[in-house]
Amino acid sequence: MYRPSHAWLFMAPALIIMLAFSIIPSFMALGLSFTDYNVFQKAQWVGLDNYRTILRTGEFWNVLRNTLSYWLLVTPVLVTVPVFVAALVNREMPGIKFYRLLFYFPVLVSVVITALIWGWMFQSNGILNYLLGLIGLGPVRWLTRRTTVLPSLALVTIWQGLGYYMLFYLAGMQSISLDVYEAAELDGATNWKKHIYITFPLLRPVIFFTTVISTMAALKEFTLMMTMTGGGPIGASKTVVYLVFEEAFENLEMGYASAISFLLFAVILVLTIINKTTLDKEQE
Amino acid sequence: MLRKKLSLIVLALMLTLSFAFVGSVQAATEITFWTLSLSPTFDDYINGVIAAFEAENPGIKVNWQDIPHAVAEQRTLTAAAANQLPDVMNLNTNFLKKLGALGALVDMDTAAADVKDHYFPGIWKAGEVNGVTYALPWYITNSLMIYNKDLLAKAGFDGPPTTMEESWEMSRVLYNKLGVYGNIITSIHLQLPKEGVYLVSPDGKSAAINTPKALEMFRNYKKYYDEGLIPDELLLGQAKGIEWYAQERIAWFVTGPQLFRQVLDMAPDVYHKSSAAFDVLGSEEVVNVAVMNIAVASTSKNQDAAVKFAKFMTNAENQLAFSKLTAILPSVIEAANDEYFTAGKDSTDAAELGHYIAAQQLQYSTDLYAPVENVTRINRIVNDEIKRVLLEDKDPAEALRDAERLINELL
């Protein structure tokens, strides 16, 4: 016989893990953000000093600008392009599974390997500049100039994320009943119209989900910058999380780093709420 | 009779217990020793030194743990947060300075005063922060030149450069004639002190970078960069110099001789065209030395035993034995004088000759990092400013003024 306590019993392992490794540490980090703490000496309460210092220093605004620029370069593409890729591979034809795998393949490659491979391709004498040279263009200084470094890194993220987001849309498309399409066909709808009036509106929950997920991923990106550019040239690809890493583990400013993390958390929260309310309004 | 027997039994029990107690006190002196990425390659060596130490000091037991280099700082911080720092730690120089400044390490100027003069003075100061030394130097490497004889010959040179001016002249010819780079700039914070420009004052209280010599160097670098002599990727740390050397994109590269073999692995033909030479010393006649340090945690409950072990690990005999296992150098003068280090003098193999030259360079070797807590941030400030000059045409004088201001804010 079912009792509510049974549900808690089943949820307990996950709940304990979440409490121990996510929720409690988050609250501890929040507490830490009001202190001056370097691990080796006792934490000292400094109130809002860390937050004030962060907002006063140019470096935070610089990394926030970089992070938001990167987000604007990555998320719109990762929300829209995979829809079309999914529509392309959402059909029955010989070898379609191979094409799906082909798009998904970059997801399986680790970020560090991806960074190494793209790092070679982006080199001044790399294959990209070689190909551009064949048509009389370039060389482009992909990772060594302020203006090109973030678009280049965004390109790598898009290459790697396309298949991942495609999978969500594909699942979403395959859950749409075929009856709806058949009814539209009877009414004389073309393929394009079927996508515009049926597929895309019914994919709205998936679009919200991918927007939120890709926004969070873009705003938290760090590994790619760490491995490909070291945040350079001259901080042009340094992101907020990169700054958190530097402050926490190089400068041992744990309280200051925690405060930066919570400011980033606030930015992500605001963007997610805006996204949700916009979609809710449209749905109404 | 019974009473006598009982007294004897009690006496025997007391004696047994007292011996057991003494034994437990002696065995209680346990110290933990962390090394960085030395296991499993050097297991036999480290275990051998520990066994010898324990034999000499029967009351002390050493528990050795090896930590992967890449996670060393995070592991140390986690251990510190849990109040479980090891008694004896193997630390790199930058992290050591940070920990020393925060009071996490034992002052070795006092604790190891009896052995201080056993070490090379320029190397001993690697552990110095704000006038106090917080570690004993252990194994070291200094940087020297691996150069491509073929490329130099094709450009019309019969040997590598010996002065800074000559190195840039040769770089110009190599670039214009063969499209190959010579000098590269990677760590400006190590270049400036070689010409007498120090980032901070000797007392560590103020910036010392803004000098006419520094301005001249910044202007010269800009001139060389505009001529195309300094490659972006190496300047920005986005490519590895040793790989570019193996690809014959640079004609010489300054690094530790232990890395020369990487060229052999990547490009055997390039390695066989290579030889080794002294690093260009600069006006101060110094070369930078990369030091692995051994420090003792100030939280250690067995500080005396820990310091004793640190001294033992870094003594002449043990360092010499370690140096014979791989291409490293000892920080102790007596060990460096061993004839083992003259073996590669006439070798045609770049790594063997390099090992000999590295030992000869010991007299010029010195730790060129600023002896202050925020050394990592200070190095970044200076490197960022030179990059602004080269990549974004910032005025060199303004760059030096900004560097000076930012460094002063940190001190």
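**Buried and bridging residues in a two-chain model**

B:K194 is buried, with a relative accessible area of 5% (buried: under 20%; exposed: over 50%; partly exposed: in between; 1.4 Å probe, protein chains only). The model is predicted: local features need pLDDT of at least 70 and side-chain atom pairs pLDDT 80 or more, whereas totals for chains, interfaces and linings use all residues. Residues are numbered from 1 along each chain as its sequence is written, chains are lettered from A and ligands numbered from 1 in the order in which they are written, and side-chain values use heavy atoms, with hydrogens and water left out.

B:K194 forms a salt bridge with B:D279, and the closest N and O atoms of this pair lie 2.8 Å apart (salt bridge: a Lys or Arg side-chain nitrogen within 4 Å of an Asp or Glu carboxyl oxygen). Distant parts of chain B are linked by this contact, the two residues being 85 residues apart. B:K194 belongs to the loop between α9 (188–191) and α10 (212–226), and B:D279 to the loop between β9 (274–277) and β10 (287–296) (helices: DSSP runs of H or I, at least four residues; strands: runs of E, at least two; numbered from the N terminus). B:D279 likewise counts as buried, at 7% relative accessibility.

A further salt bridge within chain B joins the side chains of B:E248 and B:K273, at 2.8 Å from N to O. This pair also links distant parts of the chain, 25 residues apart: B:E248 lies in the loop between α12 (241–246) and β8 (252–255), and B:K273 in the loop between α14 (268–272) and β9. B:E248 is partly exposed, its relative accessible area being 25%. In addition, salt bridges with shared partners connect B:E385, B:R388, B:K394, B:D402, B:R405 and B:E409 in one network.

Over all chains, 27 salt bridges are found. Among them is the pair of B:R380 and A:E250, whose closest N and O atoms are 2.5 Å apart. This contact crosses between chains, from helix α19 of chain B to helix α12 of chain A. B:R380 is partly exposed, at 24% relative accessibility, and A:E250 is also partly exposed, at 26%.

Helix α15 of chain B (residues 303–313) is largely enclosed by the rest of the structure, because eight of its 11 residues are buried. The buried positions of α15(B) are B:A305, B:A306, B:V307, B:F309, B:A310, B:K311, B:F312 and B:M313. Elsewhere in chain B, B:S347 occupies the loop between α17 (333–336) and α18 (350–360) and counts as buried at 17% relative accessibility. The C-alpha atom of B:S347 is 9.5 Å from that of B:S275, although 72 residues separate the two along the chain.

Chain A contains 13 helices and two strands. Its C-alpha atoms fill a box of roughly 75 × 75 × 35 Å along the principal axes, and 42% of its 284 residues count as buried. On the surface, a nonpolar patch is formed by A:W8, A:M11, A:L15, A:M18, A:L19, A:I23, A:I24, A:F27, A:M28 and A:L30, with about 970 Å² of accessible area together (patch: residues with over 30% relative accessible area and no salt bridge, like charges joined within 9 Å and nonpolar side chains, Val, Leu, Ile, Met, Phe, Trp or Tyr, within 5 Å; areas: Shrake-Rupley method, 1.4 Å probe, only the protein chains shown as cover). One patch member, A:I24, is found in helix α1 (residues 4–32) of chain A and is partly exposed, with a relative accessible area of 45%.
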